[in-house]
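Welcome, and please open your viewer. We will go from the whole chain to its helix pairs, stopping at a few residues on the way.

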Amino acid sequence: ETPSKPKGVSGSGRRNFIVTGLQDIDKCRQQLHDITVPLEVFEYIDQGRNPQLYTKECLERALAKNEQVKGKIDTMKKFKSLLIQELSKVFPEDMAKYRSIRGEDHPPS
């Protein structure tokens, strides 16, 4: 028994089975018309690879990129804090004005 040849079905019964299957696919078409599939998924299939690996690898790449960007954000926050500290030592009045404009009444620690 296979999807294209159900057990015990031959000739016109098989054709009816295929026609019914195609009609079912056509009914689903409206629900799926705006779904796009990345070409890489088809490349995975052509290479005999599981297309779910594409999703897994995309998620892994996104997580790695997210960690990289988070690291850059953390570094920039530390840099800003140190810059404000050092500028406050050299330009205390100007930095006091800056902090008051920003709504920060206390100097950075």
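A residue counts as exposed when its relative accessible area is over 50%, as buried when that area is under 20%, and as partly exposed in between. Keep those cut-offs at hand for the stops below. Note too that what you have on screen is a predicted model.

**Stop 1: the whole chain**

Show everything as a cartoon and color by secondary structure. You should find four helices and zero strands, which along the sequence gives the pattern α-α-α-α. Now switch on the surface. The chain has an accessible surface of about 9600 Å², and carbon and sulfur atoms contribute 59% of that surface. How much of the chain is buried? Of its 109 residues, 7% are. For a contact map, take the contacts with a separation of 6 or more: 6% of them join residues 24 or more positions apart.

**Stop 2: H2 against H3**

Select residues 39-46 for helix H2 and residues 51-90 for helix H3. Two numbers help with any such pair: packed helices are described by the angle between their axes and by the distance between those axes. Here the axes come within 8 Å and cross at roughly 130°. Because of that angle, H2 is oblique to H3. The crossing of H2 past H3 is right-handed.

Next, show side chains where the two helices meet. On the H2 side, pick Glu40, Val41, Tyr44 and Ile45; on the H3 side, pick Pro51, Leu53, Tyr54 and Glu57. Colored by class, the residues of this contact come out as six nonpolar, no polar and two charged.

**Stop 3: two residues to label**

Start with Glu40, which lies in helix H2. Is Glu40 buried, exposed or partly exposed? Its relative accessibility is 37%, so Glu40 counts as partly exposed. Draw a C-alpha to C-alpha distance from Glu40 to Tyr54: the two are 7.6 Å apart in space and 14 residues apart in sequence.

Then move to Gln52, in helix H3. Gln52 has a relative accessible area of 60%, so it is exposed. A second distance is worth drawing here. The C-alpha atoms of Gln52 and Val41 are separated by 8.4 Å, with their positions 11 residues apart along the chain.

**Stop 4: H3 against H4**

Keep H3 selected and add residues 92-102, which form helix H4. The axes of H3 and H4 come within 6 Å, crossing at roughly 135°, and the two helices are therefore oblique to each other.

Which residues meet here? From H3, select Lys80, Ile84, Leu87, Ser88, Lys89 and Val90; from H4, select Pro92, Met95, Tyr98, Arg99 and Arg102. By class, this contact has six nonpolar, one polar and four charged residues.

Methods. Residues numbered from 1 in each chain as written. Predicted model: local features only at pLDDT ≥ 70, side-chain atom pairs only at ≥ 80, totals over all residues. Heavy atoms only, no water. Buried < 20%, exposed > 50% of the residue type's maximum accessible area, 1.4 Å probe, protein only. Contact = heavy atoms within 4.5 Å. Areas by Shrake-Rupley, 256 points an atom, 1.4 Å probe, with all protein chains shown as cover. Axes fitted to C-alpha atoms, helices over the stretch in contact; angles between N-to-C directions. Parallel < 35°, antiparallel > 145°, perpendicular 65-115°, else oblique. Left-handed = near helix turned anticlockwise from the far one by under 90°. Nonpolar A, V, L, I, M, F, W, Y, C, P; charged D, E, K, R; others polar.
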